[in-house]
Amino acid sequence: MGRVVIPKEIRRTMRIREGDPLEIYTSASGEVIFKKYSPVGEMASFATQYAEALSQGTKLSVIICDRDRCVAAAGISKKETLDKPVSAELENIMESRRSTVIDEGKTVCAIDGVEEKLKVAVPILSAGDVGGAVALLANAQKSTVDEGDINLAAVAASFIGKQME
């Protein structure tokens, strides 16, 4: 029937959800290799350029992530953020499918272990599915967001989502 059952523990560890696309490879020695496919990850160089432009325009730190990890960053240490897993809070925001502005005084981390606090998160939607998020983070230059910042993040998420279709 062309089906493969991936054990629950592996799905949990690799954050594989029902409906997630997987790439399948074979090695010369006959091994079958499954790799999670990330449409946002495939656009990493484009996402990096977009993050840099968005960071310059808003004066905030910017990360662009797929559903599991950060794929692009600007205004923040790339070493600390790239390929790091997103926080449970950011994952929940993505699943809500709604733009979220974090209230002043509330602390939400976007990437586990990264000090910069999440200010705005906009899910990237492509063909009705959540593909990731564009997130604005406070930094030494700026720690508040305005309506223009929120709109720019929403435009970025929408544009990236359309590029994935």
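**A lysine, a helix and a sheet**

Colleague: Lys 142 lies in a loop; between which two elements?
Modeller: Happy to look at this predicted model with you. Follow the chain past strand β7, which covers residues 129-137, and you meet Lys 142 before helix α6, residues 147-164. The loop that holds Lys 142 is therefore the one between β7 and α6.

Colleague: Does Lys 142 count as buried or exposed?
Modeller: A residue is called buried when its relative accessibility is under 20%. Lys 142 has 19%, so the label for Lys 142 is buried.

Colleague: Which residue makes a polar contact with the side chain of Lys 142?
Modeller: Leaving out residues up to four places away in sequence, Lys 142 touches Thr 58, Lys 59, Leu 60 and Asp 149. Among them is one whose side chain forms a polar contact of 2.7 Å with that of Lys 142. That partner is Asp 149.

Colleague: Turning to the sheet, which strands are at its edges?
Modeller: The sheet is open, with 5 strands in the order β4-β3-β7-β6-β5 and antiparallel pairing. An edge strand pairs on one side only. Here those strands are β4 and β5.

Colleague: Which residue of β4 stands opposite Val 62?
Modeller: Strands β3 and β4 run antiparallel and are joined by 4 bridges. Val 62 belongs to the stretch 61-66 that makes up β3, and β4 covers 70-74. The residue opposite Val 62 is Ala 74.

Colleague: What angle does α5 make with β6?
Modeller: Helix α5 packs on the sheet, where it touches β3, β5, β6 and β7. Its direction and that of β6 differ by about 45°.

Colleague: Within what arc do the buried residues of α5 fall?
Modeller: Those residues are Leu 90, Glu 91, Ile 93 and Met 94. In general, residues three or four places apart in an α-helix point the same way, because there are 3.6 residues a turn. The buried residues of α5 line one face of the helix, since, seen down its axis, they fall within an arc of 160°.

Colleague: How many disulfides are there?
Modeller: Two sulfur atoms must come within 2.5 Å to count as a disulfide. Cys 65, buried at 0% relative accessibility, has its nearest cysteine sulfur, that of Cys 70, 6.6 Å away. The sulfur of Cys 109 is 14 Å from the closest one, in Cys 65, so a bond is ruled out by distance. Over the whole structure, the number of disulfides is 0.

Definitions and conventions:
Residues numbered from 1 in each chain as written. Predicted model: local features only at pLDDT ≥ 70, side-chain atom pairs only at ≥ 80, totals over all residues. Heavy atoms only, no water. Buried < 20%, exposed > 50% of the residue type's maximum accessible area, 1.4 Å probe, protein only. Arc of directions from axis to C-beta. Contact = heavy atoms within 4.5 Å. Pairing = 2+ DSSP bridges. Axes fitted to C-alpha atoms, helices over the stretch in contact; angles between N-to-C directions. Polar contact = N/O pair within 3.5 Å; in protein donor to acceptor, adjacent residues only side chain to side chain.
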